[in-house]
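Me: I would like a close look at the metal sites in this model and at the parts of the chain that surround them. Please take the sites one at a time and keep the description connected.

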Amino acid sequence: MKLRIASAFLATLLTVPSAWAGFITFESAGNSPAAITAKRDAFRSALGGGAVAGANGSFGGLRREINWDGVPDTVADPNLLPGNFFHVNSPRGVVFSTPGTGFLVSANAGLATPTLFGFPNDFQAFSAQRLFTAVNSNITDVTFFVPGTMTAATTSAFAAIFVDVEVANLTKIEFFDRNDALIFTRDVMVAGNQGLSFVGGVADAGEMISRVRLTSGLNTVVSNGLLGNPNDDVVVMDDFLYAEPMQSVPEPSSIALFSLGLAGCIARLRRRRHSP
Ligand SMILES: [Ca+2]
Ligand SMILES: [Ca+2]
Ligand SMILES: [Ca+2]
């Protein structure tokens with residue numbers, strides 16, 4: 001019995017992630033791009049890479065950004081954006097998925113399709129002119145690859161800008177590790193009608209983010225000018241910022257588990273050798 005309790009305790013000890021000290025949160029909200037620029041800049045500084053983008057949104061090999069503004073008209077509203085556009089067409093190491101029916105990037109001015117998904121009194125851009133949304137869902141999941149390769153990756157930091165967050169506790173950002181365990185969650189600050197909200201988290205103890213889930217309000221964009229329902233808070237997104245996706249290395253707890261298993265094997269082998 002004692003042995004059983006001891007093994008249960010040991011198993012618990014080994015499956016608990018090693019000291020999630022948490023994430024450093026960066027957040028602010030306001031009615032104009034200027035209101036959140038200082039916090040965006042602080043997040044940029046925390047990750048490094050400067051302020052000038054290189055090819056494929058790479059900042060000094062340390063950070064990536066997506067502002068949607070360079071997306072071609074052929075994959076912008078009313079056309080869907082492929083979920084792997086920033087993995088294949090412009091390799092930035094991210095793939096998007098949604099329980100909905102796809103993704104839209106808003107149209108530029110001067111085209112047949114209205115800008116801002118057809119809601120000029122609700123949305124504005126942080127970076128002009130394009131915005132991003134899932135279609136028929138308020139969920140966007142982001143997974144990571146070493147940019148330009150099929151190698152799965154993790155990141156240590158992620159931030160997003162949300163547009164038109166009017167109701168508290170509906171819009172949030174969540175980080176999951178490689179075991180799909182939730183390691184960070186934050187409700188996005190309310191910014192009011194047409195406002196902008198910045199939220200991001202930076203790992204401070206080596207945590208590795210395998211998936212980011214962005215929940216945008218409680219409404220959905222169905223198509224330009226059309227919402228899923230007339231009453232609930234509709235929210236869309238602008239810039240994504242994240243630390244350069246890196247190939248995953250085993251976490252300390254997995255190494256410990258592996259070493260323990262190896263030690264057990266060696267002990268068993270030794271016992272076998274010494275037995276008559
Ligand atoms: Ca609004
Ligand atoms: Ca933009
Ligand atoms: Ca709203």
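Reply: What follows goes through the calcium sites in turn and then moves to the chain around them.

The structure is a predicted model, and every distance and angle below should be read as belonging to that model. The calcium ion (ligand 1) has as its protein donors Asp122 (OD), two OD atoms of Asp164, two OE atoms of Glu166, and Asn193 (OD1), lying 2.2 to 2.9 Å from the ion. Along the chain these donors follow the spacing D-x41-D-x1-E-x26-N. The pair Glu166 and Asn193 links distant parts of the chain, with Glu166 in the loop between β9 (157-163) and β10 (172-176) and Asn193 in the loop between β11 (182-187) and β12 (196-203), 27 residues apart. The arrangement is irregular because the 6 donor atoms around the calcium ion (ligand 1) subtend angles of 46 to 147 degrees. As a reference for such angles, six octahedral donors would ideally give 90 or 180 degrees. With regard to accessibility, Glu166 is partly exposed, with a relative accessible area of 35%, and Asn193 is also partly exposed, with a value of 43%.

Asp164 connects this site to another, for it bridges the calcium ion (ligand 1) and the calcium ion (ligand 3), which lie 3.8 Å apart. The calcium ion (ligand 3) is coordinated at 2.1 to 2.5 Å by Asp164 through O and OD, by Glu166 (OE), by Asp233 (OD) and by Val234 (O). In sequence, its donor residues are spaced D-x1-E-x66-D-V. Asp164 itself lies in the loop between β9 and β10, and at 0% relative accessibility it counts as buried. Its backbone also deserves attention, since Asp164 has a positive phi of about 75 degrees although it is not a glycine. Most residues other than glycine have a negative phi.

The calcium ion (ligand 2) has its own set of donors, namely Asn67 (O), Asp69 (OD), Ser127 through O and OG, Arg130 (O), and two OD atoms of Asp238, at 2.4 to 3.0 Å. The spacing of these donors along the chain is N-x1-D-x57-S-x2-R-x107-D. Ser127 is buried, with a relative accessible area of 12%, and Arg130 is buried as well, at 2%. In the numbering, the peptide bond from Ala128 to Gln129 falls between those two donors; this bond is cis, with omega near 0 degrees, and Gln129 lies in the loop between β5 and β6. A further cis peptide bond joins Asp77 and Pro78, where omega is about 15 degrees, and Pro78 lies in the loop between β3 (63-66) and α3 (85-88).

The two strands on either side of the Gln129 loop are themselves partners, as β5 (residues 102-105) and β6 (residues 132-135) pair in the antiparallel sense over 4 bridges. Within this pairing, Phe103 stands opposite Ala134 in β6. Both faces of β5 are covered, with Gly102 and Leu104 on one side and Phe103 and Val105 on the other, all of them buried. Phe103 and Val105 also appear among the contacts of Leu81, which touches Trp68, Val71, Val75, Phe86, Phe103, Val105 and Phe132, not counting residues up to four places away in sequence. Leu81 belongs to the largest nonpolar core, which has 35 residues, and is one of those that touch the most other members, together with Phe96, Phe158, Leu214 and Phe240. A second, separate core of 25 residues includes Phe126, Ala159, Val236 and Ala243.

Val236, named in that second core, sits in strand β16 (residues 236-243). Val236 counts as buried, at 0% relative accessibility. Leaving aside residues up to four places away in sequence, Val236 touches Phe117, Phe123, Leu131, Phe132, Thr133, Ile161, Phe162, Val163 and Val221. The C-alpha atoms of Val236 and Leu116 are separated by 9.5 Å, although the two residues are 120 residues apart along the chain. Phe132 is therefore a residue to inspect from both sides, being listed as a contact of Leu81 and of Val236.

Technical notes:
Residues are numbered from 1 along each chain as its sequence is written. Chains are lettered from A and ligands numbered from 1 in the order in which they are written. This is a predicted model: local features need pLDDT of at least 70, side-chain atom pairs count only at pLDDT 80 or more; totals for chains, interfaces and linings use all residues. Side-chain values use heavy atoms; hydrogens and water are left out. Donors are N, O and S atoms within 2.8 Å of the metal (3.2 Å for Na, K and Ca); water is not among the atoms, so sites may look incomplete. Four donors count as tetrahedral if all angles lie between 85 and 135 degrees; four count as square planar and six as octahedral if opposite donors are over 155 degrees apart and all others between 65 and 115; anything else is irregular. Buried means under 20% relative accessible area, exposed over 50%, partly exposed in between (1.4 Å probe, protein chains only). A nonpolar core is a set of buried Ala, Val, Leu, Ile, Met, Phe, Trp, Tyr and Cys residues joined through side-chain atoms within 4.5 Å. Contact means heavy atoms within 4.5 Å. Two strands pair if DSSP finds at least two bridges between them.
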